[in-house]
Amino acid sequence: MIQTLPNGAIASNRPLWRLAWQRLQLRPLPYLLCILGIALGVAMMVAIDLANGSAQRAFALSTDAITGKATHRIEAIAPGGIDETIYARLKRQFGQVDAAPIVEGYVKVPELGNQPFRLVGVDLFAESPFRNYFTDAGSSGNGFVQFLTEPNTIVLLKDTADRNGLALGATLHLDVAGQMKTAALVGTVATTDQLNRRALSNFLFADIATAQEILGQVGRLSHIDLIVHQPQDLEAITQTLPTDLQVETAEAQKNAVQQMTAAFELNLTALSLLALVVGMFLVYNTVTFSVVQRRPLFGILRCIGVTQGQLLTLILSEAAIFSVIGSVIGIVLGIVLGRSIVGLITQTINDFYFIVNVQQVTLSNWTIAKGLVMGIVSALMAAAIPAIEAMQTSPTLTLQRSTLESKLEALLPKLVLVWIAMTLAGMALLRWQSGGLVAAFAGLFAVLLGAALLTPPLVTLLMRGLAMVGQPMVGVFGKLAPRNILRSLSRTSVAIAALMVSVSVIVGVSIMVGSFRGTVVQWLDQTLQADIYVSPPSTTANRVLGKVDPAIVAQLKTFAGVAKVVTYNDADVQVVDYNKPVKVIAADGDVSQGKRPYAWIRPDLGKDPWVAIDAGKGAIISEALILRENLSEPPETITLRTPAGNQTFPVLAVFYDYSSDRGTIILDNDVYQQFWHDPSVASLGLFTQPGVDVEAVVEAIKTQFNDQQSLAVQSNVSLRQGSLEIFDRTFAITDALRLLAVVVAFIGVLSTLMSLQLERTREIGILRATGMTPRQLGSLTLLETGLMGLMAGLFALPLGYVLAWILIYVINVRSFGWTLQMALEAKYFWQALLVAVVAALLAGVYPAVRLGRMNIAAAVREE
Amino acid sequence: MQRWLILFITLMVFWVQPAWATNTQLTWVDAPPHAAQFRKALKPQDWHFPQDFGPHPQYQTEWWYYTGNLETEAGRPFGYQLTFFRQALTPTPATTDSQWRSHQIYSAHFTVSDIQDRHFYPYERFSRGNLALAGALAGASGTPYQVWLQDWSATAVAAGQVRLQAKAENVALDLVVQQTLPPVLQGDRGLSQKGMEPGNASYYYSLVQQPTTGTIVLNGKSYVVKGLTWKDHEYSTSALTPGTIGWDWFSMQFDNGSALMLYLLRREDGTLASTSAGTFMAPDGSTQPLGFQDWTVTTLDTWKSPRSQAVYPAQWQIEIPKLDLSLQGKSLLANQELNTATATYWEGAVAFHGNMAHQPLQGKGYVELTGYATRLDNLLSERTPKG
């Protein structure tokens, strides 16, 4: 960079760069740690982004693959699907509009690794305007005759068949909600299009007749795809449809599904941002350190004519270079990490939202760009403070080493004010209901950063106090250690703040997860009162896709040892009031025997609203529905879209449901029958007669119906265990993030201590020269780091509690609509404290050992 | 008439698109030959109308072919084609729970030739033959004759009266066709030999000189039209003899009430197969069979399709000394090529004039030209299921 000065002299930045390079060669470690800090922060963000993105992408791909060129879709309001004669009528009336019938469902195939596969039944003769999998110039063989005319014949993607060693003609076993069917592989589709190949890897194709028979949907269609270009065609079609059908645009369909996971994903992203914030502390620390160390040099430089701008450029450029290196490493690291957590995220999405099978991670340029930009911007922001400080200091002052610390000391009261301001701003954001989840997270970050700013004043206060009482208690070290911390407050306080933030995250998340788990355990205990639960085996852990064979339902009602049976059915239903789909449960009795807790009961109904439900007087809605709609009190009525048009039901009570964040509505099964005409049963709760061995009945049920349908028959205890396993699995990703936050904090402390000890080489050399043994010096170092860890840990405890409060009462409520009971346990606190102290002590070990080995003469001579 | 090949192509390649349009590759298992057999046209049969207007599902292949030349009161000319094909995948239906499983597949072609504005509108559809999506009904057992594919249909509405309805993006057609003559049985009492092998034949009759009235809608504008319709109905279980690369089929309806049908099976060496044949139908309905040596057809002019690059005959000189007949034919619109997803052929309205027994003769008709874009025998042998 060459500038021409007004007097014609040429100023080059090159000598400055050379200086910076020499310093880097001399002291590489702090820079490496700084790079590592950025790298880890970026890595977390990229990893989460990658995993989220891959799951979304996989879902979008398979949706696109099936949507094809369809612009609209006719679907049934009732869960039973569309009467197939509607399609024939449509075709005979609107032959000029492209329409294709689809029958689909999920099956598990042992030969294909027992993953859920989407079985899609198509009518080849209607397909070509929509999807091109069955249009092929070079098709060979004549198995399509079998495909069309013989039952139980399917087509697979060639890659999928090859990967599982299946040749044409192979027999596959299809597990359809516990009922086993066999099918012959009569054809394979190969595609050169990478995206199609990925999208189709979880599909089984069958003729529409075959799909109807295998999935038990004879006479019904899942939906009808349309390509409509003329608005008048669309209107005409809509008008001829019976009221139990509706037309949706293909786009709306896709969006609805993606919105389901939006809150879940935002939560993960916020957690990953936390790691980046901790990473910023590292950058700030490193840059401050490098600036502080070079203050005399900068002073001299300024004296010999280096401008303020040049100095700022130098410092920021250094930071920029490190941040680029760190970000690139972080992206690579994030990709590796993302690959391993994609499974965790997919599992949760499958458990709670929709079925998606991620075979491959998708790395979007957007993810890379985001990682790079966030890494560089956060590093520059962190570096800007010390850089500006160095720039603004007058040359004479920079030559004095203590200026920075005295400046910070002057800042302390202001920092307290800023803390108060940020905390208030955070609280305001958290209280801002309509701000949604983003405002809530902004509030959380404001509180967190505010607390970090409070660290220097707090440390000063504590250390001054300790210095006074320390000497009488533990001798001279008791005074020396706190004073050392105070003397380098600009750096020690940053390290303490970084560690504090990380540890508070541990405390907050631990309390939140613990409270959540406690709430769920209690909820399960109260809600699950039946002794035995029967359902089709779930395709995913949390959701049952499929119904119990009606013959089995009838027999279970009179099964030996069973006193009472409660049946459940569920369906996705559109809530007209809020224009979103929820789960409707049709129950013919209360499986909780009246023990279910309610958030609200209509005052005139007394303690148990179930009597009114049984009488068909209204609906019970879950609190998620209210909380996610930001309602201050339960609505009087709720309007649902039914095959018989919109129906309004009085709201009788509000119950807790931690199995769905979309909202759940309970209706009496007679009411459900009346409007939806769907007599199927998704699950049963059985109450055994007194004195009957529950496990024996479970075994008897399993044995008796094994040939008909392999059912999930679970005793109360094992169902609860299963539910908690899902719970724990859901939070596995949170655990992983928590661990990473600790690692970043640990590196932060390590790098700070390293820098501090290096900076104090001469002083320590003098201490050694005046008789301090290496052992004593080591103890001093560990005392200092231990003190820092302890302070970080102590500060983290109240902050962690605040964080937990925010997570439980604001973030969770806004994200998922769940009210949790906060449950505090001592272990959350002492464990976090232990982590902080141990991390700090561990970080002090290396500097302590190094100092012990130092060459005293060289150290004293150094400056 | 030799249109059966079109059917094979249509049905067996219904998922075939030009290679550039797709990047998928389907591999099917090789199915074992079916034990049961389709019935074959082995000897002349007794015809029973109106039952025989309906379907004959024991035979593999069947079609109902309507072509006609129409004009408005003011003389604006149109041509149309509405054809239904039936193809059985297996001789016997599969037992099934689902209504969707069908061994009968239908396809249909619908074209309108706007001769004045020189525009050709071709459309094609497919469907399985169940769920009332497509099918054909016999005239027997009280149900009137009907063949349909979605909202394209030919339906008997009164004795000897058939209503044709079809609607596509830019065109619609609604015509009533009146039968005036008894069915003309082609070949030997309706047995039309297609190859030398036994059973390589079809049952084939035509309804000619049928007065037609109705409307044609083009791009939202409706035209009241009248004219003449030719109907062919044919069913068989037969294959194309190797070495036959395509055929030319002529149907002519003359102003004096007579009609002429010729089909020329073209071999790869440029000669005609000896099974090429034709029929002359006098105004009173009496017929005279024609062998391939009875005529000469000379191409006077050609037209090259800009889309398929195929070169089709566009003008003909037809001499039939046996009938003392000399005719010139000329396509009314050069581009009447169907370039659908499944087949490329030319089928369009043609005008004829000349003289017969020194009397001037003129009329209109339809000509079908196949095998000019792709050799048909090769294509067919690849696509035909070994049922």
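## Exercises on strands and helices

Strand β16 (residues 259-267) of chain B and β17(B) run antiparallel to each other and pair over 5 bridges. Keep in mind that this is a predicted model. Let's work through it together.

**Exercise 1.** Find which residue of β17(B) stands opposite B:L262, and then which strand pairs with β17(B) besides β16(B).

*Solution.* Begin at B:L262: the residue opposite is B:G278 in β17(B). Next, look for another antiparallel pairing, and you will find β17(B) joined to strand β18 (residues 287-291) of chain B over 5 bridges. There, B:A277 faces B:G291 of β18(B). Finally, follow the chain between these two strands: their hairpin has 5 residues between the strands, and B:G285 in that hairpin has a positive phi near 100°.

**Exercise 2.** Decide whether strand β17 (residues 277-281) of chain B is largely enclosed or open, and check its two faces.

*Solution.* Count first: 5 of the 5 residues of β17(B) are buried, so the strand is largely enclosed by the rest of the structure. Then sort the residues by side. B:A277, B:T279 and B:M281 lie on one face, B:G278 and B:F280 on the other, and all are buried, which leaves both faces covered.

**Exercise 3.** Trace the neighbours of strand β15 (residues 244-254) of chain B.

*Solution.* Start with burial: 11 of the 11 residues of β15(B) are buried, and the strand is mostly covered. Now take the partners one by one.

- With β16(B), the pairing is antiparallel over 9 bridges; B:T244 has B:R267 as its bridge partner.
- The hairpin of β15(B) and β16(B) has 4 residues between the strands, and B:G257 takes a positive phi near 95° there.
- With strand β24 (residues 359-369) of chain B, the pairing is antiparallel over 7 bridges; B:F254 stands opposite B:G363.

To put these strands in context, chain B has 2 helices and 24 strands, and 49% of its 387 residues count as buried.

**Exercise 4.** Work out how helix α19 (residues 489-527) and helix α25 (residues 716-730) of chain A are oriented to each other.

*Solution.* Two packed helices are described by the angle and the distance between their axes. Here the axes come within 11 Å and cross at roughly 155°. An angle over 145 degrees counts as roughly antiparallel, and α19(A) and α25(A) are therefore roughly antiparallel to each other. Their crossing is right-handed. The contact is made by A:R517, A:V520, A:V521 and A:L524 of α19(A) with A:R720, A:S723, A:L724 and A:F727 of α25(A). Sorted by class, the contact has 5 nonpolar, 1 polar and 2 charged residues.

Key:
Residues are numbered from 1 along each chain as its sequence is written. Chains are lettered from A and ligands numbered from 1 in the order in which they are written. This is a predicted model: local features need pLDDT of at least 70, side-chain atom pairs count only at pLDDT 80 or more; totals for chains, interfaces and linings use all residues. A residue is buried if 20 or more other C-beta atoms lie within 10 Å of its own, exposed if 12 or fewer, and partly exposed in between; C-beta atoms are placed from the backbone. Axes are lines fitted to C-alpha atoms, for helices over the stretch in contact, and angles run from 0 to 180 degrees between N-to-C directions. Angles under 35 degrees count as roughly parallel, over 145 as roughly antiparallel, 65 to 115 as roughly perpendicular and the rest as oblique. A crossing is left-handed if the near helix is turned anticlockwise from the far one by less than a right angle, and right-handed if clockwise. Two residues are in contact if their C-beta atoms, placed from the backbone, lie within 7 Å. Ala, Val, Leu, Ile, Met, Phe, Trp, Tyr, Cys and Pro count as nonpolar, Asp, Glu, Lys and Arg as charged, and the others, Gly among them, as polar. Two strands pair if DSSP finds at least two bridges between them.
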